[in-house]
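Reader: I should like to work through this chain in a series of questions. Could the structure be shown before we begin?

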Amino acid sequence: MADHLRERIESGELAPGEKLPSTAQLKEEHGVSQTVVRQAIFLLQMQGWVEGVHGVGVFVAEELPQGQGGS
C-alpha cells in the first residue's frame with residue numbers, strides 16, 4: 001500500500017501539496033483495513049513523502065525525499 005502511494009507521488013499523479021484520498025477511499029480502493037491504510041500513511045510520513053495536518057488531512061510533501069517528483 002505504501003509502495004503504491006509512493007509510486008503515485010513519484011509519477012506525478014499525486015503532486016506536491018495535493019491532498020491524499022481519505023482513509024475510507026483508500027480502504028475501498030485497495031480492499032484493505034483502516035489499520036493497513038494508517039500504517040502505510042505513517043510509513044510515508046516517517047520517510048518524508050507526506051505530511052499530516054491534524055483535522056484536515058494528509059498531503060504530499062512539498063519537498064520530496066531525494067529530490068524526486070513528477071516534474
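Author: The questions below go from the whole chain to one helix and then to single residues, and the model under discussion is a predicted one.

Reader: Which pattern do the secondary structure elements follow along the sequence?

Author: The chain contains three helices and two strands. Read from start to end, the order of these elements is α-α-α-β-β.

Reader: What is the radius of gyration of the chain, and how does it compare with the globule rule?

Author: The chain has 71 residues, for which the globule rule gives 11 Å. The value for the chain is close to that figure, so the chain is as compact as a globular protein of that length. Along the principal axes, its C-alpha atoms fill a box of roughly 30 × 25 × 20 Å. The radius of gyration itself is 11 Å.

Reader: What share of the residues counts as buried, and what share of the exposed area comes from carbon and sulfur atoms?

Author: Of the 71 residues, the buried ones make up 30%. The area that the chain exposes is about 4,500 Å². Carbon and sulfur atoms supply 48% of that area.

Reader: Among contacts between residues at least 6 apart in sequence, what percentage joins residues at least 24 apart?

Author: The contacts considered here are those between residues at least 6 apart in sequence. Among these, the share that joins residues at least 24 apart is 55%.

Reader: How far apart are the mean positions of the positive and negative charges?

Author: The chain carries 5 positive and 10 negative charges. The distance between the mean positions of the two sets is 10 Å.

Reader: Why can the buried residues of α1 be said to line one face of the helix?

Author: The buried residues of α1 are Ala2, Leu5, Arg6, Arg8 and Ile9. Seen down the helix axis, they fall within an arc of 160°, so they line one face. An α-helix has 3.6 residues a turn, so residues three or four places apart point the same way. On the other side of α1, the exposed residues are Glu7 and Ser11. The arc that supports the statement is thus 160°.

Reader: Against which elements do the buried residues of α1 pack, and which residue follows the helix?

Author: The packing partners are α2 (23-30), α3 (34-47), β1 and β2 (57-60). After α1 comes a residue with a positive phi, near 95°, and that residue is Gly12.

Reader: Is Arg8 buried or exposed, and which residues does it contact beyond its sequence neighbours?

Author: Arg8 is located in helix α1, which spans residues 2-11. Its relative accessible area is 11%, under the 20% limit, and therefore Arg8 is buried. Leaving aside neighbours within four places in sequence, its contacts are Glu13, Leu14, Pro21 and Glu29.

Reader: Why is Arg6 counted as buried, and which residues is it in contact with?

Author: Arg6 also belongs to α1. Arg6 counts as buried because its relative accessible area is 15%, where the limit is under 20%. Without neighbours within four places in sequence, the contacts of Arg6 are Leu43, Leu44, Gln47 and Trp49.

Reader: Where is Trp49 found, and what is its relative accessibility?

Author: Trp49 is found in the loop between α3 and β1. Trp49 and Pro16 are 33 residues apart in sequence, while their C-alpha atoms are 9.1 Å apart in space. Trp49 counts as buried, its relative accessibility being 5%.

Reader: Which residues does Val50 touch, not counting those up to four places away in sequence?

Author: Val50 is part of strand β1, residues 50-53. With a relative accessible area of 3%, Val50 is buried. The residues that Val50 touches are Ile9, Leu20, Ile41, Leu44, Gln45, Val58, Phe59, Val60 and Ala61.

Reader: Which residues is Gly17 in contact with, leaving aside its neighbours within four places in sequence?

Author: Gly17 lies in the loop between α1 and α2. Its relative accessible area is 29%, so Gly17 is partly exposed. The residues in contact with Gly17 are Phe59, Val60, Ala61 and Glu62.

Methods:
Residues are numbered from 1 along each chain as its sequence is written. This is a predicted model: local features need pLDDT of at least 70, side-chain atom pairs count only at pLDDT 80 or more; totals for chains, interfaces and linings use all residues. Side-chain values use heavy atoms; hydrogens and water are left out. Helices (H or I, at least four residues) and strands (E, at least two) are DSSP runs, numbered from the N terminus. Buried means under 20% relative accessible area, exposed over 50%, partly exposed in between (1.4 Å probe, protein chains only). Contact means heavy atoms within 4.5 Å. The radius of gyration is taken over C-alpha atoms; the globule rule is 2.2 Å times the number of residues to the power 0.38. Accessible areas come from the Shrake-Rupley method with a 1.4 Å probe; for residues, only the protein chains shown count as cover. Lys and Arg count as positive and Asp and Glu as negative; His and the chain ends are not counted. The place of a charge is taken as NZ of Lys, CZ of Arg, CG of Asp or CD of Glu. The arc is that of the directions from the helix axis to the C-beta atoms.
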